Amino acid sequence: MRTHTCFNWQQALFGLIATIGLAQQALAGANKGGSLAPLLPRYQQECGACHVAYPPGMLPAASWQRLAGNLQGHYGTDASLDPATLRQISAWLAANGGTYKRVREEPPEDRITRSAWFIHKHDEVPAVTWKLPAVNSAANCAACHAGAEQGGFNERNVRISR
Amino acid sequence: MNRTTVSTLARCLAAAALAGPGLLQQAQAATPAELLAGFSSQAGSAPSAARGQQFFTTTHGKEWACATCHGAVPVQAGKHAATGKAIGAMAPASNPDRFTDAAKVEKWFRRNCNDVAGRECTPAEKADLLAWLMALKP
């Protein structure tokens, strides 16, 4: 009996994944702060479990690398990942970190919310709004940005909580 | 390419398509009952739902209890104490996806026990917690 084995299907599969990754990087390269790169599904799944899956272009690669290197102590919580997942997400963040002029600067504590561009963009939001129970934290983008969970931050979709 | 090669290729592509998501997510399908049996066997003792509830709702030397984010009776969605993000109900009766992936269960026990108790949970504690969650009705 002759058998035909799938000797190369794993390589073919990983080739396909690599191609998808490259396509995502190409899209990210075209990003100038307005439109945003599609999110790596693994990133969305893992990081998005606890908070909005922040678009990678909102922090420079150096900040992402520090965060990825210390997930056991991630802003007061243990967000550790298995080594394979960590490698995949780190590589994607390194390739898609923000390079636009306002994002290049590494913010204090690697917090998006302490970036000069973030503070400037939100300077019309009253202090009381940030403290509303429905907002609770500046990390809760989706409280006002309707498309935040899908990576959309167009100003036309902003509904400031009251 | 002869017909056999083509049909082999087609089968291989189908196999890769089916295996793809599994390979990526390393899903280890399980049932809550199987996971509970595993923890109990490692612990070498019978689980106690009452001890599980006690562990879940009290603090263990740190700021947060499990209930801080998951709610005291987690048959409904909870809310992340720092980010406000919704967390699906933990009780399998309310959320059939819970405790069906061994790797995911280990990941979250590792992280959350560290956040709540500053250490990993013991197999006996995991068995107690799961026994209580499995006893909850929506």
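1. Let's start with A:Tyr75 in this predicted model. Is A:Tyr75 buried or exposed? It falls in the middle: A:Tyr75 counts as partly exposed because it has 15 C-beta neighbours inside 10 Å, while 20 or more would be needed for a buried residue. You will find A:Tyr75 in the loop between α3 and α4 (83-96) of chain A. Its backbone deserves a look too, since phi of A:Tyr75 is near 50°, a positive value in a residue other than glycine. Most residues other than glycine have a negative phi.

2. A:Asp110 makes a good companion example. Phi is positive here as well, near 55°, and A:Asp110 is not a glycine. Where does A:Asp110 lie? Look in the loop between α4 and α5 (116-121) of chain A. With 18 other C-beta atoms within 10 Å, A:Asp110 is partly exposed.

3. For contrast, turn to A:Ala143, in the segment after α6 (127-130) of chain A. A:Ala143 has 22 other C-beta atoms within 10 Å and is therefore buried, the cut-off being 20 or more. Which residues does A:Ala143 touch, if those up to four places away in sequence are not counted? They are A:Ala134, A:Val135 and A:Ser161. You could also try a distance on screen: from A:Ala143 to A:Gly57 is 20 Å, C-alpha to C-alpha, and the two are 86 residues apart in sequence.

4. Now step back to chain A as a whole. Its secondary structure consists of 6 helices and 0 strands. Among the 162 residues of chain A, 23% count as buried. Taking the contacts in chain A with a separation of 6 or more, 56% are between residues 24 or more positions apart.

5. Please check the confidence before reading chain A closely. Its mean pLDDT is 82, and 77% of its residues reach 70 or more. Which element of chain A has the lowest mean pLDDT, and which the highest? Helix α1 (residues 9-29) has the lowest, at 44, and helix α3 (residues 61-68) has the highest, at 98. Two stretches of chain A stay under 50: residues 1-7, with 4 contacts beyond four places in sequence, and residues 12-35, with 18 such contacts. Where pLDDT is low, the predicted coordinates should not be read in detail.

6. Chain B brings in strands: it has 6 helices and 2 strands. From the N terminus, the order is α-α-α-α-β-β-α-α. Of its 138 residues, 25% count as buried. Residues 24 or more positions apart make up 62% of the contacts in chain B with a separation of 6 or more. The mean pLDDT of chain B is 87, with 80% of its residues at 70 or more. Take care with residues 12-25 of chain B, where pLDDT stays under 50 and the model has 9 contacts beyond four places in sequence.

7. Next comes the largest nonpolar core, with 20 residues. B:Leu35, B:Leu36, B:Leu129, B:Leu130 and B:Leu133 have the most contacts inside it. Four helices of chain B each supply at least two of its residues: α2 (32-43), α3 (49-57), α5 (102-117) and α6 (123-135). Which helix gives the most to this core? It is α6(B), with 6 residues. A second, separate core has 15 residues, including A:Cys47, A:Tyr54, A:Val103 and A:Cys141. In soluble globular proteins, nonpolar side chains tend to be buried together.

8. The pairing of α3(B) and α6(B) is worth rotating on screen. Their axes come within 7 Å and cross at roughly 100°, so the two helices are roughly perpendicular to each other. On the α3(B) side, the residues that meet α6(B) include B:Gly52, B:Phe55 and B:Phe56. Beyond its neighbours within four places in sequence, B:Leu129 is in contact with B:Gly52, B:Phe55 and B:Phe56.

9. Finally, follow α5(B) along its length. This helix has 16 residues and reaches 21 Å from its first C-alpha to its last, close to the expected 22 Å. Which residues of α5(B) are buried? They are B:Val105, B:Arg111, B:Cys113, B:Asp115 and B:Val116. Among the elements covering these buried residues are α2 and α4 (66-70) of chain B. Just after α5(B), B:Gly118 takes a positive phi of about 70°.

Terms used:
Residues are numbered from 1 along each chain as its sequence is written. Chains are lettered from A and ligands numbered from 1 in the order in which they are written. A nonpolar core is a set of buried Ala, Val, Leu, Ile, Met, Phe, Trp, Tyr and Cys residues joined through C-beta atoms within 7 Å. A residue is buried if 20 or more other C-beta atoms lie within 10 Å of its own, exposed if 12 or fewer, and partly exposed in between; C-beta atoms are placed from the backbone. Two residues are in contact if their C-beta atoms, placed from the backbone, lie within 7 Å. pLDDT is the predictor's confidence in each residue, from 0 to 100. The expected span of a helix is 1.5 Å times one less than its number of residues. Axes are lines fitted to C-alpha atoms, for helices over the stretch in contact, and angles run from 0 to 180 degrees between N-to-C directions. Angles under 35 degrees count as roughly parallel, over 145 as roughly antiparallel, 65 to 115 as roughly perpendicular and the rest as oblique.
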